[in-house]
Structures are given as structure tokens and as C-alpha cells.
Amino acid sequence: MNIMNKITKIFCGLACCAIAATMTSCSADDDPVYLGEVHVSSSYVGIPQSGGSTEITLNATTDWAFATQTWIAGKDTTKAAAPKWLTINATSGTAGETTIKFSAENTLDGRTCELLLECGGKVQHINVIQGLSTVSNATCAEVIAGPDSKTYRVTGTVTSIANTTYGNWYLDDGTGQIYIYGTLDAKGNEKNFLSLGLEVGDEVTVEGPKTTYNTTVELVNVTVIKINKSLIKCDSLSTNEALPVEGGDIMAYVTCKGDGMNVEIAEDAKDWLFMSALTANTVTFHALPNEGGDRSTTVVFKTSKDGKNYTSEVSISQKGAIVTASVAEFLDAAVGNTQYRITGIITQVAKPAYGNIYIRDYSGEVYVYGVGAKGDFEKLGLKEGDVITLVGKRGEYNGTAQMTGAVCEESISVTKVTIAEFLAKEDNPNVYYKVSGTVDEIAHATYGNLYIKDGDNRLYVYGCYPGWGATGDARKNCVADKDIAVGDKLTVIGVKSTYNNTPQVNGGIYFSHEKAE
């Protein structure tokens, strides 16, 4: 039940007490409330609209406390026993008698809240009223200029819907725009926004209290008073799929009951999407070939009647080309919708369930914020040291680059073995091993030809390269760049081959090393 409905019930059931509460509290003798575990002298507390304090007496048989709640006026997600405008001298206590004092500063508009007092497993409801809450009919501009906590009724057009569970959307009446943070359904319930059938372009009258979050003016948990459906609506598109990379046509089926129809394509999409045909109830759009990443735009349909304007909108998207890049090139790219393909070795699995991992190639390392949906990465059975090819977007968090929306295209399993186990393997250019040993000799520093040893077993590494994907000159000087020296413990990844009867790691890829003590 929303707070306005609660207030209405309080006033209807206890009219005399509520009127008196605008000046002072009901007396302790007039309204004693008893539970087996706790007695309060009054369950209704009135504070003058000009500000002040009121006291009640509490008698408890055991420890008691006001329950922590989330308050509309404190939409900064902090929780407290009372809203910010109300001060309570004691929010918890022990058995016995306690005097509880409620205080508030002056307010331009009436306000109310319901507190929950817990004691011995039972809950006592205490209603606090300051003044009489009134509803003001206002424009968006008047809401923006008005005080927080005041309840307003405003009429405007739905211009954009941000969340369809809680009902977060934008309302514009021509004088300004306000954000609706939460919309109650016809029965006053939350999280049922879709039952209202609200769409972009509808004219809506709503009622709710104002708050300001950072610099955004909002009406919170509004009640919908009236809905006038838009006289124009995009019923459907000829396809629900994104347009192909090579471009093509897509048709919008539109119902228009106004005087004529106007179509607007967003400015940033006019270089790739344009209107190619128009009838009374269809609009055909043509998209040009896409050489970049995925892209999308919003198309707005407009009409008017009797001096009122109505809109509807639809999103049109197009698949993009996939850019194959090194990790360094990916890190240098701009944040956006372009799809990149990168391949590297998994150096760390941060969160297996979500597929949050680090991968590295010869040019650098990048954090991948999730591979597929929850559980997808674990199903792949991948681990540290395996090679993975991902397709995803260049994202960023707190200034640090990351891949987002990643999908695994392919992977190579790498088996961890000892030198003795490696030497016993068959030659195979398609099977990769991760092997470690102490650097015993550096035969050619430039190309990284060296020997590693584990006990009596010695293995030749034909090339120690800086990372996956290195070619040409990028393969050179890994020994110097990584400061690899005789005595260090080195781990490389590579395939087994044999040259002149000598087993070797062919094209060893640097994974890690530990300096000798």
C-alpha cells in the first residue's frame, strides 16, 4: 500500500485525531495502545507544521528497536529507522519505561510516515503526521522549481522508458522534463509497471512526492491518475532481428489517428539510415552497409490533433563487422559498440561463475567482464593457461579498459605437465602443454632459445616468445625484456616437436617466471 493510501485511511478512520495532530499530539490517556510485549501511550504522533517536538511513553517487557526501513525521501539508498526529516531521540532500548521524543523542522507541505517498532517478535505501528498533506496541480517547470517532499499532480507525455519493472520513465509537458522514479499499479503495488500499458507518446497524469537525486528532479512511486493513449503508434517492424552488415530495408507498421505523420531519424544515424518509402500506415527505412561495429538508433513518429502533440518511437539496429585486434589495439580503441575479436592466454580466472577473467597476448593484458551468461564459462571447462578467442565490445570501468559482452568463439585446452611428462609425449603440432623448469642455459637470447631443467630432466625451448600471437620481430628479445636469467624458474606454453633426435618445446610462449633467490 502506498503512503497516500495509508494517509487517507488514517484520516477517514480518525478524523478528529488527525485534525488535532496538525497542532499537537493526541494525549496519552486518549489513545493508549497495548500489545503483550510493548505498550505505547499513542500510536499517532502529531508535530506542528511550523516545527517542534512531541513525546510518547513506551513500556516494554524486553529489548525494543525501531525497524530499519528505506524511505522515499532518502532515495540515496540509505536505510534508517526514520526518514531524514524526522529525528527520534532513541531508536532502541531495553525493558522498562522510555520516553520517546519525535522532532521535525518546519515544512511548507504536510508530510507523514509510518514507523515500525519491534519488541519480542511483535511489531507496533506508529504513524507520525506533520501538517496536512496536500496535492498541488503543477507543470513540470513548477515541480522543478518547487520544494522537495511536496506532492504534485502533473500531466505530460511519456518521452522515454528506462525501466519496465519499477516503472522509471521521463515525463515532459513542454515546460520541462522530470524523471518518474517508480510507478505504482492500479492497486498501489510496486514492480508491476507493465500492467499499466504505458508507452512512449502516451499522455499521462501522475501524482507523487518530489525529490532531487544529485541534480535530477524526480517524482517518486507515483500513482497514475489518467492515461490518454497516443494517437500514433508503431505497431511492429517487419523483422525483430538486427539488419545485416551489408545493409537492407526494414518496414515499420504505424497506426496514426492524428492529423498527418512526421518521421524523425536521430541526427547521429542520418549518415547510415534514411526513409525510402512512406504510405498512410507504413514507413520503409534503408540502411547502408556497415563497416564498423554494431549500431542502433531511435526513430520517432509524430502527429498532432486539436493542438496536442503525440509521439511514438521504435529502435532500429544493424549488425557490425568484427574487428580482429591485438590486446594493445583493443585497449587503444574507443568505448563503443564495435565488436572486436581478441585471442590470448587466460592468466587469471577472477570469478568462474560469471566468466570474469584476464587474458594476455604478446602486446598486453586485458580484463574481460564476463564471458557469456552466468555459468557459461564454467560449462566450457576452461582454466588458467588455456587459450581463448573472444568477441566483445570495448568497455571501461573507473577509467580502466575492459571487454564487455564477451562471447567465446573458440578455445585451446593447455595441459600442465612436468618436463619428464613432456618428454614422453608424442609430437603433435595441435596439442599444447604448459611446462616449467629452472633456466639452465640461454643458447640464443634474441630469439629466446634456452634450456630448462627439473631434477635430472632437461628440455630445450626453441624460442621463448613474449606472448600469444607474436610474429616476426615481435618474437625477439623476450629474454631481455622479461629479465630472464639462468637460475630463474620459467613457465612456457607450446607444442612438442623433435629436431635432430632432440625433443623440444617448439615456439615456447612465455607465461611466467620467478627470479632466482
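A polar contact here is a pair of N or O atoms within 3.5 Å; within protein, one of the two must be able to donate a hydrogen and the other to accept it, and residues adjacent in sequence count only if both atoms are side-chain atoms. The model is predicted, so local features need pLDDT of at least 70 and side-chain atom pairs count only at pLDDT 80 or more, while totals for chains, interfaces and linings use all residues. Residues are numbered from 1 along each chain as its sequence is written, and side-chain values use heavy atoms, with hydrogens and water left out.

Ser230 makes a handy starting point. A polar atom of the Ser230 side chain lies 3.1 Å from the backbone oxygen of Thr311, and a polar atom of that side chain is also found 3.0 Å from the backbone oxygen of Ile232. Ser230 itself sits in the loop between β18 (216-228) and β19; strands (E, at least two residues) and helices (H or I, at least four) are DSSP runs, numbered from the N terminus. With a relative accessible area of 15%, Ser230 is buried, a label that means under 20%, whereas exposed means over 50% and partly exposed is in between (1.4 Å probe, protein chains only). Setting aside neighbours within four places in sequence, Ser230 is in contact (heavy atoms within 4.5 Å) with Gly201, Asp202, Tyr310 and Thr311.

The strand that follows this loop, β19, belongs to an open sheet of four strands. The order is β19-β20-β23-β22, and the pairing is antiparallel; two strands pair if DSSP finds at least two bridges between them. At the edges are β19 (232-237) and β22 (273-278), each pairing on one side only. On average, neighbouring strands of this sheet are turned by 30° against each other, direction ignored (axes are lines fitted to C-alpha atoms, for helices over the stretch in contact, and angles run from 0 to 180 degrees between N-to-C directions). Inside the sheet, β20 (residues 248-256) and β23 (residues 282-287) run antiparallel and are joined by six bridges. Gly248 stands opposite Ala287 in β23.

Next come the hairpins. Strands β24 (residues 295-305) and β25 (residues 308-318) run antiparallel, with eleven bridges between them. Ser304 has Asn309 in β25 as its bridge partner. Two residues separate the strands of this hairpin, and Asp306 in the turn has a positive phi of about 55°. That value is positive in a residue other than glycine. Asp306 is also exposed, at a relative accessible area of 75%. Asn398 tells a similar story elsewhere: this residue is not a glycine, yet has a positive phi of about 50°. Asn398 lies in the loop between β30 (387-397) and β31 (400-412) and counts as exposed at 69% relative accessibility.

Further along, β28 pairs with two strands. Five bridges link β28 (residues 356-361) to β27 (residues 339-351), and the two run antiparallel. Lys351 is matched with Asn356 in β28 as its bridge partner. The hairpin of β27 and β28 has four residues between the strands, and Gly355 takes a positive phi near 75° there. With β29 (residues 364-371), β28 pairs over six bridges, again in the antiparallel sense. A hairpin of two residues makes the link from β28 to β29, and Asp361 has Gly364 in β29 as its bridge partner.

What about the cysteines: how many disulfides does the structure hold? Zero, taking a disulfide as a pair of cysteine sulfur atoms within 2.5 Å. For Cys119, the nearest cysteine sulfur is that of Cys113, 20 Å away. Cys119 counts as buried at 2% relative accessibility. For Cys478, the nearest cysteine sulfur is that of Cys464 at 4.1 Å, and Cys478 is in no disulfide. Cys478 is buried too, at 1% relative accessibility.

Finally, Glu97 lies in strand β10 (residues 96-104). Is Glu97 buried or exposed? Its relative accessible area is 59%, so Glu97 is exposed. Not counting residues up to four places away in sequence, Glu97 touches Thr57, Leu58 and Asn59. The C-alpha atom of Glu97 is separated by 75 Å from that of Phe285, a residue 188 places away along the chain.
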